[in-house]
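Biologist: I would love to go through this protein with you, step by step. Could you show me the sequence and the model?

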Amino acid sequence: MQREQISVFDMFKIGIGPSSSHTLGPWRAAQQFVHSLEQQGVLPIVQQVKILLYGSLAKTGHGHGTDIAILLGLSGDDPVTFEVDQVTPKIEHIKSSHQLILGGILPVSFYAEEDLMFLFNESLSYHPNAVTFQAFLNTGKAISETYYSIGGGFVVKEGDSGQSKAEVDLPFPIDTASDLLHWCIKTGLRISEVVAENELAWRSEQETRTGALNIFRALKECIYRGCHTTGQLPGGLNVARRAAKLNAKLIGNNQYSNYDEWVAAIRNTGDSFKNTLDWVSCFALAVNEENASFGRVVTAPTNGAAGVIPAVLQYYIAFCDGNTEQKIINFLFTASEIGSIFKKGATISAAMGGCQAEIGVSSAMAAAALTECMGGTQRQVLMAAEIAMEHHLGLTCDPIGGLVQVPCIERNTMGAIKAITASQLALQSNPEKAKVSLDAVVKTMWQTALDMNSKYKETSDGGLAINIPISLPEC
């Protein structure tokens with residue numbers, strides 16, 4: 001039996017918002033379906049395609065851009081490179097022309113109202129986020145494949161094992177926090193160093209380093225863009241962007257030509273408690289406002305929770321002398337390992353576990369990363385992750401109108417602040433006296449997810465989504 005092997009670049013993916021499970025995952029699934037048609041040699045004889053959305057993908061699909069992502073994926077576009085300002089024009093052209101260029105090469109007739117179906121009352125047993133693609137051939141035959149978007153942009157095709165890449169020989173195989181601690185004790189390595197050694201099984205040290213810095217570049221560009229963009233978020237809730245106004249209030253109306261000048265100016269505003277809180281909130285708001293606007297973000301480990309890790313990393317850079325490439329890489333490596341432990345032992349899908357699986361996991365990842373970078377021991381790092389998740393247990397996912405806006409955006413500010421608090425607590429504590437282990441909280445989180453009513457799992461059927469008199473038709 002294959003063990004699940006998760007790389008840094010599985011946990012951190014560059015893509016387009018607003019949702020990793022409802023946008024990025026379906027986008028990747030659509031790409032995989034087109035690739036499958038190519039492999040079977042039938043792409044040139046496809047006459048029509050139909051898409052069936054089930055469960056959570058159907059109920060909140062419009063608000064999360066699931067239909068948009070699938071059409072772009074079927075068109076041969078990639079979320080890492082596709083220009084975000086071309087999303088709306090391309091989708092409008094597909095719908096108005098009633099034509100889809102399958103795989104970017106084959107024109108097929110496409111009527112969105114008939115060929116893309118939201119099956120609100122149907123669910124598949126394997127996972128709430130399910131999509132079936134059907135291709136009808138000129139021979140009279142049809143090909144049907146079902147994919148599940150299981151959180152964080154991870155996709156499983158029905159009938160597959162879920163192992164996304166070939167198994168490699170990792171020097172330090174890790175499934176649990178206990179496994180991780182075992183290797184740290186045996187080798188004396190820090191958590192980020194253990195991760196670095198494992199990454200060598202997939203690629204060279206330089207390739208990993210370059211990839212990590214590419215992730216950071218996307219993170220900082222997203223924060224900077226979000227802190228300098230005003231207006232309202234799309235989707236119909238008329239939510240006003242707040243990050244740019246908060247940034248201007250904190251830093252003044254001075255104009256800075258690049259990210260580095262801006263960070264230096266932030267540092268000069270001081271490190272008082274109130275000022276730091278405001279800035280951390282500003283960073284998180286910025287990322288998730290970009291995410292809600294179909295901007296380019298980093299899935300960390302999901303899109304709905306994409307602001308927590310960047311906000312804490314930016315806090316580390318601006319207020320804790322963390323502005324060096326190696327420190328930033330160490331931060332990302334440590335965070336990714338904690339995220340992978342939660343994915344293996346529980347879930348990072350809100351459709352499976354509620355928002356504890358997104359904001360809770362991202363907060364634990366950020367808390368652990370900050371603790372290592374601030375000089376914490378391996379046990380303190382794991383303690384910080386445990387504290388952060390312990391105080392997110394039971395957090396529901398109840399997006400108003402099926403949009404990743406309310407309460408999702410503000411929840412990222414809370415997750416970031418909790419991460420910093422958890423790190424501080426761990427750094428000032430003796431982990432030998434801790435009553436709750438990280439493995440225990442992972443297990444508890446999964447049990448809580450199983451017990452949670454489905455209406456609190458990204459369906460917009462409960463919680464704030466039904467108690468605020470603003471909604472979208474599909475919810």
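Biologist: Which backbone oxygen does the side chain of Gln 5 reach?

Modeller: This is a predicted model, and Gln 5 sits in the segment before helix 1 (8–11). The side chain of Gln 5 makes a contact at 2.8 Å, under the 3.5 Å limit for a polar contact. The backbone oxygen at the other end belongs to Val 168.

Biologist: Is Gln 5 buried or exposed?

Modeller: The cut-off for buried is under 20% relative accessible area. Gln 5 has a relative accessibility of 9%, so Gln 5 counts as buried.

Biologist: And Gln 255, is that one buried or exposed?

Modeller: Gln 255 is found in the loop between helix 11 (243–251) and helix 12 (259–267). The word exposed applies over 50%. Gln 255 has a relative accessible area of 73%, so the answer is exposed.

Biologist: What separates the C-alpha atoms of Gln 255 and Asp 461 in space?

Modeller: Along the chain, Gln 255 and Asp 461 are 206 residues apart. In space, the separation of their C-alpha atoms is 44 Å.

Biologist: Let's turn to the sheet. In what order do the strands of the five-stranded open sheet stand?

Modeller: The pairing in this sheet is mixed. Strand 5 (116–119) and strand 8 (154–157) each have a single partner strand, so these two stand at the edges. Neighbouring strands are turned by 25° against each other on average, ignoring direction. Read across the open sheet, the order is 5-2-6-7-8.

Biologist: Which residue stands opposite Leu 52 in strand 5?

Modeller: Strand 2 (residues 46–54) and strand 5 run parallel and are joined by four bridges. Across from Leu 52, in strand 5, stands Met 117.

Biologist: What angle does the direction of helix 5 make with that of strand 2?

Modeller: Helix 5 (residues 66–74) packs on the sheet and touches strand 2, strand 5 and strand 6 (129–137). The direction of helix 5 makes an angle with that of strand 2 of about 150°.

Biologist: Now strand 3. Which residues of strand 3 point to one face and are buried?

Modeller: In a regular strand, side chains alternate between the two faces of the sheet. Strand 3 (residues 99–102) shows alternating side chains, with Gln 99 and Ile 101 pointing to one face and not buried. Pointing to the other face, and buried, are Leu 100 and Leu 102.

Biologist: Which residue of strand 4 is the bridge partner of Ile 101?

Modeller: Strand 3 and strand 4 (residues 106–109) pair in the antiparallel sense, over four bridges. Three residues lie between the strands of this hairpin, and Gly 103 takes a positive phi near 65°. The bridge partner of Ile 101 in strand 4 is Pro 107.

Biologist: Which residues touch the most other members of the largest nonpolar core?

Modeller: In soluble globular proteins, nonpolar side chains tend to be buried together. The largest nonpolar core here has 110 residues. The residues touching the most other members are Phe 12, Trp 262 and Phe 342.

Biologist: How many residues are in the second, separate core?

Modeller: The largest nonpolar core is the one with 110 residues. The second core is separate and includes Trp 27, Val 46, Ala 58 and Ile 70. Its number of residues is 40.

Biologist: How far does helix 19 reach from its first C-alpha to its last?

Modeller: Helix 19 (residues 408–427) has 20 residues, and 28 Å is expected at 1.5 Å a residue. Its buried residues, including Cys 408 and Ala 426, are covered by elements among them helix 13 (273–292) and helix 17 (359–373). From its first C-alpha to its last, helix 19 reaches 29 Å.

Biologist: What is omega for the cis peptide bond between Val 406 and Pro 407?

Modeller: Pro 407 lies in the loop between helix 18 and helix 19. A cis peptide bond joins Val 406 to Pro 407, with omega about 5°.

Biologist: One last pair of words: is Phe 294 buried or exposed?

Modeller: Phe 294 is found in the loop between helix 13 and strand 9. Its phi is near 60°, a positive value in a residue other than glycine. With a relative accessible area of 18%, Phe 294 is buried.

Note on methods: Residues are numbered from 1 along each chain as its sequence is written. This is a predicted model: local features need pLDDT of at least 70, side-chain atom pairs count only at pLDDT 80 or more; totals for chains, interfaces and linings use all residues. Side-chain values use heavy atoms; hydrogens and water are left out. Buried means under 20% relative accessible area, exposed over 50%, partly exposed in between (1.4 Å probe, protein chains only). Two strands pair if DSSP finds at least two bridges between them. A nonpolar core is a set of buried Ala, Val, Leu, Ile, Met, Phe, Trp, Tyr and Cys residues joined through side-chain atoms within 4.5 Å. A polar contact is a pair of N or O atoms within 3.5 Å; within protein, one must be able to donate a hydrogen and the other to accept it, and residues adjacent in sequence count only if both atoms are side-chain atoms. Axes are lines fitted to C-alpha atoms, for helices over the stretch in contact, and angles run from 0 to 180 degrees between N-to-C directions. Contact means heavy atoms within 4.5 Å. The expected span of a helix is 1.5 Å times one less than its number of residues.
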